[in-house]
Amino acid sequence: MEKLTISGTTLAYEDQGKGDVVVLLHGYCGSSAYWEQVMPLLTKHYRVIAPDLRGHGLSDAPLGAYTLEQMADDVVGLMKELSVDKYTLLGHSMGGYVTLSLAQRYAGSLNGFGLIHSTAYPDSEEAKEKRLQAVSVIGTEGITPFVDGLVPGLFAPANTVSHEAALDRVKEIGYRTPPQGASGAALAMRERIDRRDVLSSTTLPVLLVAGEDDALIPIERTFTTEGSNVTKAVIKGAGHMSMYEGPEQLAVVINDFLRQIDKEEE
């Protein structure tokens, strides 16, 4: 992995392949490693950049609450440092929330953007309370018990046994999340605003990907908009983690979307 310091915060990132740039943002208590099975299926035709978001992986994890705007600005700063003027941005779960913040404020930098097992809705009051509970558990018990409780629910029920090695791998990635980073990011997600209007008003190509059996973010909370610029895809048999539950399926969907953007630019 490589590292760059953006406005005082060091970000780690993977940078592979050549061609038009695709940026992949991971979910909560994940890292760029979440894309380890998908990236090789994209880099045949594209340059793929996958950062560890603030508070995650090998990137800096400042103390205190984060904001999604900070996390998006980190990505914008990284792209500037890498001299990347235009890119397609795809975010998984929390990475989707970061994607929407960036798309709302820096649409001119994007060729298109997408949500993968994510939503433009804000947290419900119940979800906001769960964020505070997460911070409490992480603070009192540590990151390992928290990740052990979190990860099984990310997979479709049928996959917790059939994809046991993948489930263990996602836990292993999660254990590396600095506790203060997990807490800071939980508070960022808690405070996010409703961004359904970002999806409904954009003229950019939009990709919405949902898992058939996603218990965290059901299909209807991902598919919140219609339009000729909107591509929707359901990953069969997947929960919240199609990068591990169906990486080939997901890669086909992403590659098709990117080829569509290429055609529109010709």
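Tutor: Contact means heavy atoms within 4.5 Å. Keep that in mind for this predicted model. Here, helix 3 (residues 94–105) lies across strand 3, strand 5 and strand 6 (110–116).

Student: At what angle does helix 3 run to strand 5?

Tutor: Helix 3 runs at about 140° to strand 5.

Student: How do I read the sheet? What is its strand order?

Tutor: Two strands pair if there are at least two bridges between them. In this model, 8 strands form an open sheet with mixed pairing. The order is 1-2-4-3-5-6-7-8. At the edges sit strand 1 (2–6) and strand 8 (230–235), each pairing on one side only. On average, neighbouring strands are turned by 20° against each other, direction ignored.

Student: Which helix packs on this sheet and touches strand 1?

Tutor: Helix 2 (residues 68–81) does. The strands it touches include strand 2, strand 4 and strand 5 (87–92). The direction of helix 2 makes about 110° with that of strand 1.

Student: In which sense do strand 2 and strand 4 pair?

Tutor: Strand 2 (residues 9–16) pairs with strand 4 (residues 47–51) in the antiparallel sense, over 4 bridges. Take tyrosine 13: its bridge partner in strand 4 is proline 51.

Student: Now two helices. How far apart are the axes of helix 4 and helix 5?

Tutor: The axes of helix 4 (residues 125–141) and helix 5 (residues 143–150) are 7 Å apart, and the packing angle is about 135°. Helix 4 is therefore oblique to helix 5.

Student: Which residues make the contact?

Tutor: Helix 4 gives Ala134, Val137, Ile138 and Glu141; helix 5 gives Ile143, Pro145 and Phe146. Of these, 6 are nonpolar, none is polar and 1 is charged.

Note on methods:
Residues are numbered from 1 along each chain as its sequence is written. This is a predicted model: local features need pLDDT of at least 70, side-chain atom pairs count only at pLDDT 80 or more; totals for chains, interfaces and linings use all residues. Side-chain values use heavy atoms; hydrogens and water are left out. Axes are lines fitted to C-alpha atoms, for helices over the stretch in contact, and angles run from 0 to 180 degrees between N-to-C directions. Angles under 35 degrees count as roughly parallel, over 145 as roughly antiparallel, 65 to 115 as roughly perpendicular and the rest as oblique. Ala, Val, Leu, Ile, Met, Phe, Trp, Tyr, Cys and Pro count as nonpolar, Asp, Glu, Lys and Arg as charged, and the others, Gly among them, as polar.
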